[in-house]
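The following note is offered to a colleague who is beginning to read protein structures. Its numbered points are best read with the structure in view.

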Amino acid sequence: MSEMVRMQHTLAQTAVVEGFGFWTGQDIRVEFHPAHANAGLFFVRIDLPGLPIIPVSPNFQIIKPRQTSLATDDAQVDMVEHLLAALHGLEIDNCEIRVNAPEMPGMDGSSQAFTAAILKAGIITQSAIRQKRIVYKTLRVGDDEHWIEAKPSYNGRTTFVYHLDYGDNNAIPQQSYRFIVNPENFILQLMSCRTFLTKKEAEQLLAAGLCSRVSPHDVLVFDENQQPIDNTLLYADECARHKTLDMVGDFSLGACDWVGEFTAYRSGHHLNVECVRELLKKTVCIESNVVSSHTNTFRVASKAI
Ligand SMILES: [Zn+2]
């Protein structure tokens, strides 16, 4: 029974990541500070008067294209998904994320820099149980073009499956990826997978005055021949892996461990967060090792790194 319970984690000491924002080109410093048990994940904008806090929750999501953004009446944080994927992927449940700008550093478009900084700082186990939500009934959000389906897991594993399909003649070829959620797999399979776009999309962003500091060395830009410009793929299915990484980041907004099989077809950040919102309404939170016999088949790894 004890292996069904996972204790909460925070950082052993402060971790720092510095880089520029893809959208604004601004130099940005983000600090990951340890936080007490049950504090959750939350941002603090240290560049603004009063040091406003923005909780990591679907209640604070605002819609911005191609990224996950959170806002309160006082402050906003943008492009949070890759940073949150590192925290959620490593099972860091409590962290005060201090940032001196609205946007997170883009780094190489993956979670690698955030993950490396957190691992270097160290992870400690706390004396509180991590909340867990188990999918008992199939739930689906989206439409025929883009959807996510959450199903019960009959082996106790949490799985994210992503199907990328932009059509037969797209610069980015069809591909799928299946990820069994745990920190070791996150480090080995997902953390380094970079964000991507087509050459046409890159040209449109530059023409709109956006992303002018970003080059094809920083992110994957695909030409008409389905090849990255001035860059090399880490994996043939790096794009599907990156979309899976985005799911890990966006599902952190639920502030819990999810137990289920989550399959996404062409979903993006908005639909990911909509799925989290629906799951929070329709799943029951379990936060102790006192569980019914119905959950006996659900076993979740509680491995600390
Ligand atoms: Zn992404």
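1. One open sheet consists of five strands in the order 12-13-19-14-15, and its pairing is mixed. Strand 12 (139-142) and strand 15 (175-180) are its edge strands, each pairing on one side only. On average, with direction ignored, neighbouring strands of this sheet are turned by 10 degrees against each other. Please note that the model is predicted.

2. How many bridges link strand 12 and strand 13? Strand 13 covers residues 147-151, and the two strands pair in the antiparallel sense over four bridges. Within this pairing, Leu 139 stands opposite Ala 150 in strand 13. As general background, strands of a sheet pair through backbone hydrogen bonds, either parallel or antiparallel.

3. Two helices lie across strands of this sheet. Helix 5 (residues 238-251) lies across strand 14 (159-164), strand 15 and strand 19 (261-265), and runs at about 135 degrees to strand 14. Helix 6 (residues 269-282) lies across strand 12 and strand 13, with an angle of about 145 degrees to strand 12.

4. Another open sheet of five strands has the order 2-3-9-4-5, with mixed pairing. Its edge strands, strand 2 and strand 5, each pair on one side only. Neighbouring strands here are turned by 20 degrees against each other on average, direction ignored. Helix 2 packs on this sheet, where it touches strand 2 and strand 3; the direction of helix 2 makes about 160 degrees with that of strand 2.

5. The mixed pairing can be followed strand by strand. Strand 3 and strand 9 run antiparallel and are joined by five bridges; in this pair, Phe 32 has Ile 97 of strand 9 as its bridge partner. Strand 4 and strand 9 run parallel, again with five bridges, and Arg 45 stands opposite Val 99 in strand 9. Strand 4 is also joined to strand 5 by three bridges, and these two strands run antiparallel. There, Phe 42 stands opposite Pro 55 in strand 5.

6. Why is strand 9 described as largely enclosed by the rest of the structure? The strand spans residues 95-99, and four of its five residues are buried, so the description follows. A residue counts as buried if 20 or more other C-beta atoms lie within 10 Å of its own.

7. Helix 1 invites the same kind of reading. Nine of the nine residues of helix 1 are buried, so this helix is largely enclosed by the rest of the structure. The buried residues are Glu 81, His 82, Leu 83, Leu 84, Ala 85, Ala 86, Leu 87, His 88 and Gly 89. After helix 1 comes Glu 91, with a positive phi near 60 degrees.

8. How do helix 1 and helix 2 meet? Helix 1 (residues 81-89) and helix 2 (residues 112-121) pack at an angle of about 40 degrees, and their axes are 8 Å apart. The two helices are therefore oblique to each other. Helix 1 passes helix 2 in a right-handed crossing. On the side of helix 1, the contact is made by His 82, Leu 83, Ala 86 and Gly 89, which meet Phe 114, Thr 115 and Ile 118 in helix 2. The residues of this contact comprise four nonpolar, three polar and no charged. In general terms, an α-helix has 3.6 residues a turn, so residues three or four places apart point the same way.

9. In helix 2, the buried residues are Ala 113, Phe 114, Thr 115 and Ile 118. They pack against strand 1 (7-11), strand 2 (15-20), strand 3, helix 1 and helix 3 (183-190). Just after helix 2, Gly 122 takes a positive phi of about 95 degrees.

10. Two loop residues deserve a check of their backbone angles. Asn 38, in the loop between strand 3 (27-34) and strand 4 (41-45), has a phi near 70 degrees, a positive value in a residue other than glycine. Leu 51 is likewise not a glycine, and its phi is positive at about 45 degrees; its place is the loop between strand 4 and strand 5 (53-55).

11. Are these two loop residues buried or exposed? Asn 38 has 15 other C-beta atoms within 10 Å and is therefore partly exposed. Leu 51 has 12 other C-beta atoms within 10 Å, so it is exposed. The cut-off for exposed is 12 or fewer.

Note on methods:
Residues are numbered from 1 along each chain as its sequence is written. This is a predicted model: local features need pLDDT of at least 70, side-chain atom pairs count only at pLDDT 80 or more; totals for chains, interfaces and linings use all residues. Two strands pair if DSSP finds at least two bridges between them. Axes are lines fitted to C-alpha atoms, for helices over the stretch in contact, and angles run from 0 to 180 degrees between N-to-C directions. Angles under 35 degrees count as roughly parallel, over 145 as roughly antiparallel, 65 to 115 as roughly perpendicular and the rest as oblique. A crossing is left-handed if the near helix is turned anticlockwise from the far one by less than a right angle, and right-handed if clockwise. Two residues are in contact if their C-beta atoms, placed from the backbone, lie within 7 Å. Ala, Val, Leu, Ile, Met, Phe, Trp, Tyr, Cys and Pro count as nonpolar, Asp, Glu, Lys and Arg as charged, and the others, Gly among them, as polar.
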